[in-house]
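Please walk me through this structure step by step, in connected paragraphs that someone new to it can follow.

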Amino acid sequence: MSARAFPATPEYTGLNTPLGEEYELRGLAVAGELPAEVAGSFFRATPDPAFPPYLEDGGAVLSGDGMVSALHFSGGRVDLTMRFVETERHRAELAAGRALFGRYRNPFTDQPEARGLDRTVANTTPVWHAGRLLMTKEDGRPYRVHPRTLATLGRYDFGGLLKSETVTAHVRIDPDSGEMFFFGYEADGLASTKVAYCIADAQGNLRREQWFDAPYCALMHDFAITRRYALFPVYPTTCDLARLRAGGDHWVHEPQRDSWLGVLPRYGAVRELRWFRGPQGASCFHVMNAFEDEAGRIHLDQCLANVNAFPFIQRASGLQVAPGETGARLARWSIDLEDGSERVTETVIGPPGDLPVIPASVQGRPYEHAWMLTMNPEMQGPPVAGGPVGVMFNTLLRMDLRGGPPQALALPPGQCFNEPVHVPGARKGHEGWLLLIVDEQLGPVDFRHALWVLDAGRISAGPVARVAIPHRLRPQVHGWWVSEARLQAAD
Ligand SMILES: [Fe+2]
């Protein structure tokens, strides 16, 4: 097999075709008018395997080497830079000229040369905090990247203070204090129930790290904060060390097992953690937001389903669930710390969807609007194949959390959305802007890409500006917006 001959499977074909190219494109063509507030960088995380696998692995789409890209907006000009994150894993494979790491999050399937090396690929979320850009993936510690050049500066462990071996790709930043709240699961190794809960201050100093045990070792992809609490949802996609040692899958979904919501005062001690029971078999990757209401009840809004959405995890679990039968919904879990209940109460507040986005200013607060991606149930024709779960979303929704109807922007067949980022508006009452990549399939292996700028309050009106991207792009996982003022403050 040549260095770039990838298997003809969904993980490596069509929109998911590995690209593996670092490049800079200057002065991209802009149609329409870029809003003045859109000045800064849209950082994107894209998995892109440098070498073909030596084992069949349905999770491979999550194991691709981290690529970080920046779409930089300045004075009406747009530049794009794309670079590999130079993880220990990527450098070792480059040196060997072939893949050294085996199945998704299973080091027992690695080549001997990989032993002892950091396995993470830093491919999930570019996190900006305290003037630092960190490329994260939940199976390891972040890698710090230079925000202008995208050069990798090395693994990041908060100046040697962090004890957890892992850091989530879904940190939460308090809009008032600037503190970053985060966690790491499997904090001391494979299949461990240990979870680290950490707080970094507005300057990025690690102020607190406490460990607790989850009810079982679970895929804890996201969490939430409110003004006073940290919330840890636990869904029964579980890991087992014996299975890993046998060369098996990291994750299996267990539909008969309970889900849980851990509730801890944000600045409390982990002995104060209380667990509330949720529905059996639930699965969620992304929390939209969480908040406390005037009565002190705690609400967690999440893109929930009755089964893990990843086809490779369903296969490993012996589950076959049709896309329309997953029970997917936007769900609110509510708890009252005072009423003696030990269960969450669920309310369905919206349709199926994922990749929710809120303004950074309402993190952990009562909020009115949010955006997420979904499938248009009326679309004529199949959705575009690609991305981590095999199909791409074709509709953007603006949700009204006060109870009004959603506003939608549906793409025609053959087009799909990647996750948006939100850019705050300057005018009072303006909801800001959304930036997102739109992929268009022109043929089996032929795609065209553009960045769209939408008025966040009027998404149905379509883009106010489009930026043509004359280069193939692989599907993005998550992104992050950093204003030019913040970039300059960090220069
Ligand atoms: Fe995520």
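Two strands are said to pair if DSSP finds at least two bridges between them. In this predicted model, strand S7 (residues 132–136) and strand S8 (residues 143–145) meet that condition, since 3 bridges join the antiparallel strands. One place to look along this pairing is Leu133, which stands opposite Val145 in S8. S7 and S8 belong to an open sheet of 4 strands, arranged in the order S6-S7-S8-S9 with antiparallel pairing. At the edges of this sheet lie strand S6 (125–129) and S9, each of which pairs on one side only. From one strand to the next, the twist averages 30 degrees.

Another open sheet is built from 5 strands, which follow the order S1-S5-S4-S3-S33 and again pair in the antiparallel sense. Its edge strands, with a partner on one side only, are strand S1 (23–25) and strand S33 (479–483). Here the twist averages 15 degrees from one strand to the next. Within this sheet, strand S3 (residues 40–47) and strand S4 (residues 66–74) run antiparallel and are joined by 8 bridges, and Ser41 has His72 in S4 as its bridge partner. In general, the strands of a sheet pair through backbone hydrogen bonds, in either a parallel or an antiparallel way.

Following the chain onward from S1, the reader comes to Ala29, which is found in the loop between S1 and strand S2 (30–32). Ala29 counts as exposed because its relative accessibility is 52%, the cut-off for that term being over 50%. The C-alpha atom of Ala29 is separated by 8.4 Å from that of Arg466, although these two residues are 437 residues apart along the chain.

The next stop is the metal site, where an iron ion is coordinated by the NE2 atoms of His170, His221, His286 and His478, at 2.0 to 2.1 Å. How are the 4 donor atoms arranged around the iron ion? The angles they subtend run from 91 to 160 degrees, which makes the arrangement irregular. For four donors to count as tetrahedral, all angles would have to lie between 85 and 135 degrees. The spacing of the donor residues in sequence is H-x50-H-x64-H-x191-H. Among these donors, His170 and His221 link distant parts of the chain, being 51 residues apart: His170 is in the loop between strand S9 (152–155) and strand S10 (172–173), and His221 is in the loop between strand S13 (206–213) and strand S14 (224–225). Are His170 and His221 buried or exposed? Both of these residues are buried.

From the metal site the path leads to strand S21 (residues 298–305), in which 8 of the 8 residues are buried, so that this strand is largely enclosed by the rest of the structure. Both of its faces are covered, with Ile298, Leu300, Gln302 and Leu304 buried on one side and His299, Asp301, Cys303 and Ala305 buried on the other. S21 pairs with strand S20 (residues 283–292) in the antiparallel sense over 7 bridges, and in that pairing Asn289 has Asp301 in S21 as its bridge partner. The hairpin of S20 and S21 has 5 residues between the strands, and in it Gly296 takes a positive phi near 90 degrees. S21 is also joined by 7 bridges to strand S22 (residues 329–335), with the two strands running antiparallel; here His299 has Ser334 in S22 as its bridge partner.

Aromatic side chains make up the last part of this walk, and the count of aromatic pairs comes to 18. One of them is formed by Phe417 and Trp452, whose rings meet edge-to-face, at 6.1 Å centre to centre and with 85 degrees between the planes. This pair links distant parts of the chain, since Phe417 is in strand S28 (residues 415–417) and Trp452 is in strand S31 (residues 446–455), 35 residues apart. Phe417 counts as buried because its relative accessibility is 2%, and Trp452 counts as buried at 8%. Elsewhere, ring pairs link Phe183, Tyr197, Phe212, Phe223, Phe232 and Trp275 into a cluster. A ring also takes part in a contact with a charged group, for the charged end of Arg257 sits over the ring of Tyr216, 4.4 Å from its centre.

Definitions and conventions: Residues are numbered from 1 along each chain as its sequence is written. This is a predicted model: local features need pLDDT of at least 70, side-chain atom pairs count only at pLDDT 80 or more; totals for chains, interfaces and linings use all residues. Side-chain values use heavy atoms; hydrogens and water are left out. Donors are N, O and S atoms within 2.8 Å of the metal (3.2 Å for Na, K and Ca); water is not among the atoms, so sites may look incomplete. Four donors count as tetrahedral if all angles lie between 85 and 135 degrees; four count as square planar and six as octahedral if opposite donors are over 155 degrees apart and all others between 65 and 115; anything else is irregular. Buried means under 20% relative accessible area, exposed over 50%, partly exposed in between (1.4 Å probe, protein chains only). Axes are lines fitted to C-alpha atoms, for helices over the stretch in contact, and angles run from 0 to 180 degrees between N-to-C directions. Rings of Phe, Tyr and Trp (its six-membered ring) pair if their centres lie within 6.5 Å; planes under 30 degrees apart count as stacked, over 60 as edge-to-face and the rest as tilted. A charge sits over a ring if NZ of Lys or CZ of Arg is within 6 Å of the ring centre and within 35 degrees of the ring normal.
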